[in-house]
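This report covers an annotated domain, a helix pair, a cysteine site and a set of aromatic pairs. The sequence and the structure come before the description.

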Amino acid sequence: MAAALQVLPCLARAPLRLLLWGHPGARLASGMALAEHARKLFESTIAAVLPGPMMHRALSLDPGSGQLKVRDRSFQLRQNLYLVGFGKAVLGMAAAAEELLGKHLVQGVISVPKGIRAAMEYTGKQEMLLKSHSHVQVFEGAEDNLPDRDALRAALAIRQLAEGLTADDLLLVLISGGGSALLPAPIPPVTLEEKQTLTKLLAARGATIQELNTIRKALSQLKGGGLAQAAYPAQVISLILSDVVGDPMDVIASGPTVASVHNVQDCLHILNRYGLRAALPRSVKTVLAQADSDPHGPHTCGHVLNVIIGSNALALAEAQRQAEALGYRAVVLSTAMQGNVKSVAQFYGLLAQVAGAHLTLPSTRAPVEEGEQLHELAAELQLPDLQLKEALEVVAGAKGPVCVLAGGEPTVQLQGSGKGGRNQELALRVAAELGQRPLGPVDVLFLSGGTDGRDGPTEAAGAWIMPELAHQATSEGLDVATFLAHNDSHTFFHRFQGGAHLLYTGLTGTNVMDVHFLFLKPR
């Protein structure tokens, strides 16, 4: 990484802070080692999915012949390449693409979050920035990840570029998380405000992300394959950085280069389910009435190559390699951790207790009741790729420290007006769980961090905890339960030990959801 991530900035003062734990010297050294290893793993996880490395893995150009290779496909370049992009990681992706493709790139338009160029400059991440002579026009918008007029102007510029292409041209599309908010282009006469209002009403009534995207696509000029249709008959290469569990290409940024599988009847069914059909604005009724019920529209997306170039699974694979290099038996538990943050925290608390017992006790003395509770909760969470049995087998066979890795995106149900984010809240809830459980002769550390470097409306990426946290917090006059009741996890971590347990990276320029690390080290 060109600019080192400043994770755990208070770690330099760790000996002083860790003395507050009141444990013997060996325990103190163990806690410091776990914290340092957690920092290194978080750094390596983010480094694996930075735009530059991902783009270089995805694209290769033969300067002599002008052959561009993407996976197993080749495309002939002759100064006929155009670029569009939208998402939190697209600025760095575009910079890497222009460096790779050179003179063949004729023109580009990208839509990125407001303030991201200034943030990259401030942190010295020059590799994330386009050069002064770049052929790529940059629009910044969607402040707080909400569609706005700036993002609408960017979307219309992207559509105009795509519609001007011919069969001799090649369009490179760069997509990452946050792309949906950065590509708003409602079908007239629907206005941006009307589309936002309808989306908010659906969300407030409990609509799923899949249902929200179905409605968004039906009312959008560019989503649900609309961008691919606008670019036809040009060849389209879409490079996608996934921030969605399971990496469904039609869901990431609402699938601008993936043919929609939904029709008007699907939309009406959703609107009826949430009691909104009668209250629809006239403009929305007009667009739905005029829409073609053919889910593929006038063109399929056969002229498009869609490629996932980065994901949570890729990041965790790198973290696993790094953990093993540090001397841990490492295992990936899941890349699809989702569900209510309370249930996910309870799951990690039970996992730490059961795994700790497997690591330090004969199997005949492992906690049977807690093991049953763990498997029951896992079934309730319905995690599609959960490797719980395999992970516990790895732990049971380990002769030393273990690192269990997972990723995903749990949800927080707001019940207070505090300041926090899902990673900090998850870490604090896991701390509360661990503080109530007998863990035996094993040191435990849990870390939860967002790979984009921003956890909710805070400057922190996440936080790390150890089981002693709740007890230590009480001695500082901080009550964990009270902060959790107000969804005020950031305020807690900011006050607790001077913020030593917060993760700070700044904006990373990438986004593949969250990562969770559970370290277990026998004493």
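The text below goes through these topics in turn. The model is predicted.

**Annotated domain**

An unreviewed UniProt entry lists the feature "domain: MOFRL-associated" at residues 38-288. In that stretch, helix accounts for 39% of the chain and strand for 18%. The C-alpha atoms at the two ends of residues 38-288 are 50 Å apart.

**Helices H7 and H8**

Helix H7 spans residues 192-204 and helix H8 spans residues 209-218. Their axes come within 10 Å and cross at roughly 160°. Angles over 145 degrees count as roughly antiparallel, and H7 and H8 are therefore roughly antiparallel to each other. The crossing of H7 past H8 is right-handed.

Which residues of H7 meet H8? On the H7 side they are Lys195, Leu198, Thr199, Leu202 and Ala203. Their counterparts in H8 are Leu212, Ile215 and Arg216.

**Cys267**

Cys267 belongs to helix H10, which covers residues 264-273. Is Cys267 buried or exposed? The relative accessible area of Cys267 is 2%, and buried means under 20%, so Cys267 is buried.

Leaving aside neighbours within four places in sequence, Cys267 is in contact with Thr214, Ile215, Ala218 and Leu288. Of these, Ile215 is also among the H8 residues that meet H7. Another H8 residue that meets H7 is Arg216. The C-alpha atoms of Arg216 and Cys267 are separated by 9.5 Å, while the two residues are 51 residues apart along the chain.

**Aromatic pairs**

The structure holds 7 aromatic pairs. A pair of aromatic rings is described by the distance of the centres and the angle of the planes. Two of the pairs are given in the table.

| Pair | Centre to centre | Angle between planes | Class |
|---|---|---|---|
| Phe483 and Phe492 | 5.5 Å | 70° | edge-to-face |
| Phe517 and Phe519 | 6.4 Å | 90° | edge-to-face |

Why is the pair of Phe483 and Phe492 classed as edge-to-face? The planes of Phe483 and Phe492 are at 70°, and planes over 60 degrees apart count as edge-to-face, so the pair falls in that class.

Phe483 and Phe492 are both buried. Phe517 is buried too, as is Phe519.

Phe483 and Phe492 also belong to a cluster. Ring pairs link these two residues with Phe493 and Phe496.

Technical notes:
Residues numbered from 1 in each chain as written. Predicted model: local features only at pLDDT ≥ 70, side-chain atom pairs only at ≥ 80, totals over all residues. Heavy atoms only, no water. UniProt positions renumbered as here; feature names shortened; annotations may be inferred. Helix = DSSP H or I, 4+ residues; strand = E, 2+ residues; numbered from the N terminus. Phe/Tyr/Trp six-rings, centres within 6.5 Å; stacked < 30°, edge-to-face > 60°. Buried < 20%, exposed > 50% of the residue type's maximum accessible area, 1.4 Å probe, protein only. Axes fitted to C-alpha atoms, helices over the stretch in contact; angles between N-to-C directions. Parallel < 35°, antiparallel > 145°, perpendicular 65-115°, else oblique. Left-handed = near helix turned anticlockwise from the far one by under 90°. Contact = heavy atoms within 4.5 Å.
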